[in-house]
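The following questions and answers ask how certain descriptions of a structure are justified. Each reply sets a computed value against the criterion that applies.

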Amino acid sequence: MFGKILIANRGEIACRVIRTARRLGIKTVAVYSDADRAALHVGMSDEAVHIGPAPALQSYLSIPAILDAVRRSGAEAVHPGYGFLSENREFAQTLAAESICFIGPPASAIEAMGDKITSKKIAADAGVATVPGHAGLIETEDSAVKVAREVGYPVMIKASAGGGGKGMRIAWDDDGVHEGFRSSRNEAAAAFGDDRIFIERFVTSPRHIEIQLLADQHGNCIYLNERECSIQRRNQKVIEEAPSPFLDAATRKAMGGQAVRLAKAVDYHSAGTVEFIVDAERNFYFLEMNTRLQVEHPVTELITGIDLVEQMIRVAAGEELAISQKDVGINGWAMESRIYAEDPYRGFLPSTGRLTRYRPPEEYRAEEQAVRNDTGVFEGGEISVHYDPMIAKLCSWAGDRGQTIEVMRNALDSFEIEGIGCNIPFLSAVYDHAKFVAGEATTAFIEEEFTDGFNGVTLPDDRLRELTASAAVMQRFSEIRNSRISGRMPHHSRRPGREWVVLIAGAEHSVGVEENGDASMVTFSDGQVMHVQSDWRPGMGLARLRVDDVHRTLKVNAFTNGFRFRYRGADLDARVLTRRQVSLLAHMPDKVEPDTSLQLLCPMPGLIVSLPVEVGDSVEVGQTLCIMEAMKMENVLKAERRAKVKAIHPKPGDTLSVDELIIEFE
C-alpha cells in the first residue's frame with residue numbers, strides 16, 4: 001500500500017479522495033492554484049503544493065506543474081479525480097516514465113476510450129451495441145451538414161475528446177448543424193485542446209443509464225449495477241440515482257455483461273463507467289466509456305457499500321479484487337443532487353462571488369436512511385469564475401425510491417446557501433414533479449417540462465396558507481424580541497401585535513395570533529384555525545415549524561415588516577403589516593425599472609470569446625451578438641429583437657462582471 005499520494009485535482013473530489021486516504025492511513029498532498037490558496041482541500045491535506053496561476057491551463061491542466069509537485073512532495077502515486085488530467089493519456093505515461101503510480105487505468109485504455117470514434121469501433125468489435133452514426137472526423141460545417149443528412153435528423157454533434165457535457169450539441173436541421181458545429185468545436189478546443197468533431201443519430205425519448213465497472217490487474221472485472229442519469233441540462237447531469245427505475249433485471253445483466261466485455265477488450269483496470277443511451281423499449285446503445293471516477297459515484301457506493309476510491313487505490317497498488325460479481329447487490333435506493341453556483345431564475349447563468357452563508361444539512365447514516373454531502377467549499381469562501389460551478393453533491397439513501405425522494409426533499413429544504421445564486425429551488429421543483437416521482441423522466445425532461453426556463457414554483461393554496469400562518473407567528477416573535485431589547489422604550493409601550501394582514505403571492509389575509517400553550521393559534525378571517533409550533537428566532541436562516549401536524553422547513557430572510565421565504569422551489573415575499581400600514585401602502589408609488597431594452601448587458605461573470613457584429617450592423621431576431629465563456633462552458637447571447645448596433649464596449653479577451661454593458665442599440 002502507498003504511504004503518500006498526491007491528488008491532482010481540487011474542490012469536492014479532492015476532499016473526497018482525502019477522506020478515504022486518511023481512513024486507509026495514507027498521507028495526502030494537495031495541489032492548488034492562486035485562486036485556491038484558501039480552498040478546503042488545501043486545509044484538509046497533510047501537505048499542499050502551489051502549482052501556478054488561476055487559469056486551469058496554467059495549473060491543474062499543466063503536466064509539468066503537477067509532475068514538479070509530485071517530485072517535491074515525494075508522493076508515490078497520483079489520484080487524478082475527475083476532469084482535468086484524469087483521462088489524459090500523456091499524463092499517465094509521464095507518471096509511468098517517472099516510476100510514479102497513476103491511480104487509474106493504463107494509458108492504452110485511456111487512449112482507446114478517450115477518442116469517441118475509436119471507442120465506438122472497439123465497442124462494436126467487442127459485441128457492444130452502438131448508436132448509428134458517422135465514424136470519421138468532420139472538418140467543415142458543410143461536411144457536417146452532409147453527414148447529418150445521411151445519418152438522419154435529429155443528430156448529436158460531439159467532440160471526439162469530450163466529456164462532462166462539453167462540446168455536445170443537438171441539431172434538428174441544417175441551421176442547427178452549422179451553429180452546433182461551430183460551438184462544439186470552440187468549446188472542445190477550450191476544454192480539451194482538441195477540436196475534432198463527429199456526428200451520430202440522436203435517440204429520441206432516451207434515458208441515460210451507465211454501468212459502473214471495477215477491474216483489477218489480474219484479469220478480474222465486475223459491474224456494480226447501474227446509475228440513471230437522465231435529468232440533464234445542456235448535456236450536464238443534474239440528478240442521478242441508483243438503481244434505475246426503468247431497468248429490469250434482464251436488461252441490467254445484459255448491459256453489465258457488455259460493459260465488462262468492453263473493459264476486457266482494452267485490458268482495463270481501476271474504476272470506470274460505460275455509458276449507454278436506452279430507448280423506450282429498453283434497447284441500449286454504447287455512448288462512451290469514462291476511464292475515471294464519475295462525479296455520481298456516491299450513489300453506487302450507497303447501494304453497494306463499496307468505497308470506489310479505496311478500490312481504485314488498492315487496484316493501483318496491485319491488489320486483487322476481494323469482491324466477485326455474486327457479492328454485488330442492491331441495498332435500497334440512492335439519489336444525488338448536483339448543487340451548482342448558478343441562478344435558475346436567470347436561465348441558469350453562472351453565479352460567482354463569496355459564500356456569505358453555507359450551512360449544509362447534517363450528514364448521517366442510520367439504519368433506514370442517510371444523508372451525505374460531498375463538498376469542497378466553506379462559508380466565507382469564494383466561488384471562482386475559473387472552474388466548474390459545482391458547490392456540493394447532496395445524496396440521500398433509504399429503503400425504496402419514494403422514501404429516498406422524501407429524504408432528499410427534506411435535506412434540500414435544510415440547505416442554506418447565500419451570497420451567490422444556486423440551483424436548489426430548481427432541484428426541489430424536480431423532486432416534486434409528478435413525472436420524476438413516477439420514474440418516467442427521459443433526457444428531454446428539463447427541456448419538455450420547463451420550456452420557458454425556471455420561474456419558480458406556484459404553491460397550492462393550502463401550502464400558501466401554512467406560510468401565511470408561519471409569517472404571522474414569526475412576525476409576532478420578532479415583535480416580542482424588539483420589545484425586550486435593552487435601551488428600547490418601556491415594555492408596556494411596545495405591546496406585540498396580535499392582529500395582522502399578511503400579503504403573500506398576490507393575496508391578502510387578515511389573521512389573528514394568540515398564544516396557545518407551546519404553540520401559537522392563528523385564526524383567519526374565514527374562521528380557519530392553524531396551530532404553529534417553532535423554535536425560530538430573529539436572525540435564524542432556517543425556520544423549522546410544525547403547522548398543525550405537518551413539519552415544514554423554510555429558508556428565511558427577514559426584512560422590515562416581513563420575510564423572504566424559499567420553500568420547495570418557491571421564492572416569495574410575505575409582508576406582515578397592520579391594517580393601518582396596508583391602507584397607507586395603497587398610496588405608495590410603484591418603482592419604475594430602468595429601460596434596458598436598447599442594451600445588451602452581461603448576464604454572467606465571464607470572458608468575451610467573440611463579438612461577431614460591428615457598429616452600424618442591423619441585427620435580426622436570433623442573430624448571435626456575443627459568445628462568452630464562463631465556468632468552462634460557452635454561452636451564446638442572441639438578439640431578442642431587430643435593431644442597429646450603436647456601440648460595442650468590450651473586446652474579445654475582456655472579462656466582464658454581471659450587468660456590464662456589452663452593446664448599445666439604436
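Q: Where does Phe-454 lie?
A: In this predicted model, Phe-454 is located in the loop between helix 15 and helix 16.

Q: Why is Phe-454 called buried or exposed?
A: The relative accessibility of Phe-454 is 3%, so this residue counts as buried; the term requires a value under 20%.

Q: Which residues does Phe-454 touch, leaving out those up to four places away in sequence?
A: Phe-454 touches Pro-344, Tyr-345, Phe-348, Pro-425, Phe-426, Ala-429 and Gly-569. A contact of this kind means heavy atoms within 4.5 Å.

Q: How many residues apart in sequence are Phe-454 and Glu-240, and what is their C-alpha to C-alpha distance?
A: They are 214 residues apart in sequence, and their C-alpha atoms are 20 Å apart in space.

Q: How do the length and the residue count of helix 16 compare?
A: Helix 16 (residues 461-484) has 24 residues, which at 1.5 Å a residue should span 34 Å. Its end C-alpha atoms are 35 Å apart, and this agrees with the expected value.

Q: What makes helix 16 count as mostly covered?
A: Of the 24 residues of helix 16, 20 are buried.

Q: Why are helix 4 and helix 5 described as roughly parallel or roughly antiparallel?
A: The axes of helix 4 (residues 89-97) and helix 5 (residues 107-114) cross at roughly 175 degrees and come within 8 Å. Angles over 145 degrees count as roughly antiparallel, and the two helices are therefore described in that way.

Q: Which residues make the contact between helix 4 and helix 5?
A: Helix 4 contributes Arg-89, Ala-92 and Gln-93, while helix 5 contributes Ala-107, Ile-110 and Glu-111. These residues comprise three nonpolar, one polar and two charged.

Q: What makes up the largest nonpolar core?
A: This core has 39 residues, and those with the most contacts inside it are Ile-339, Ile-391, Ile-417 and Phe-436. At least two residues each come from several elements, among them strand 12 (236-242), strand 15 (333-340) and helix 12 (401-413). Helix 13 gives the most, with six residues.

Q: Which residues are in contact with Ile-391, leaving aside its neighbours within four places in sequence?
A: The contacts of Ile-391 include Ile-339, Tyr-358, Val-377, Ile-417 and Cys-422.

Q: What does the second, separate core include?
A: This core of 32 residues includes Ile-7, Ile-222, Leu-224 and Val-295.

Q: How do you know which form the peptide bonds from Tyr-153 to Pro-154 and from Ala-242 to Pro-243 have?
A: Most peptide bonds are trans. The bond from Tyr-153 to Pro-154 has omega near -5 degrees and is cis, and the bond from Ala-242 to Pro-243 has omega near 0 degrees and is cis. Pro-154 lies in the loop between helix 7 (141-151) and strand 7 (155-163), whereas Pro-243 is in the loop between strand 12 and helix 9 (249-265).

Q: What is notable about the phi of Asp-267 and of Arg-282?
A: Most residues other than glycine have a negative phi. Asp-267 has a positive phi of about 50 degrees, and Arg-282 has a positive phi near 65 degrees.

Q: Why do Asp-267 and Arg-282 count as buried, partly exposed or exposed?
A: Asp-267 has 60% relative accessibility and so counts as exposed, a term for values over 50%. Arg-282 has 32% and therefore counts as partly exposed. Asp-267 is in the loop between helix 9 and strand 13 (270-278), and Arg-282 is in the loop between strand 13 and strand 14 (284-290).

Methods
Residues are numbered from 1 along each chain as its sequence is written. This is a predicted model: local features need pLDDT of at least 70, side-chain atom pairs count only at pLDDT 80 or more; totals for chains, interfaces and linings use all residues. Side-chain values use heavy atoms; hydrogens and water are left out. Axes are lines fitted to C-alpha atoms, for helices over the stretch in contact, and angles run from 0 to 180 degrees between N-to-C directions. Helices (H or I, at least four residues) and strands (E, at least two) are DSSP runs, numbered from the N terminus. Angles under 35 degrees count as roughly parallel, over 145 as roughly antiparallel, 65 to 115 as roughly perpendicular and the rest as oblique. Ala, Val, Leu, Ile, Met, Phe, Trp, Tyr, Cys and Pro count as nonpolar, Asp, Glu, Lys and Arg as charged, and the others, Gly among them, as polar. The expected span of a helix is 1.5 Å times one less than its number of residues. Buried means under 20% relative accessible area, exposed over 50%, partly exposed in between (1.4 Å probe, protein chains only). A nonpolar core is a set of buried Ala, Val, Leu, Ile, Met, Phe, Trp, Tyr and Cys residues joined through side-chain atoms within 4.5 Å.
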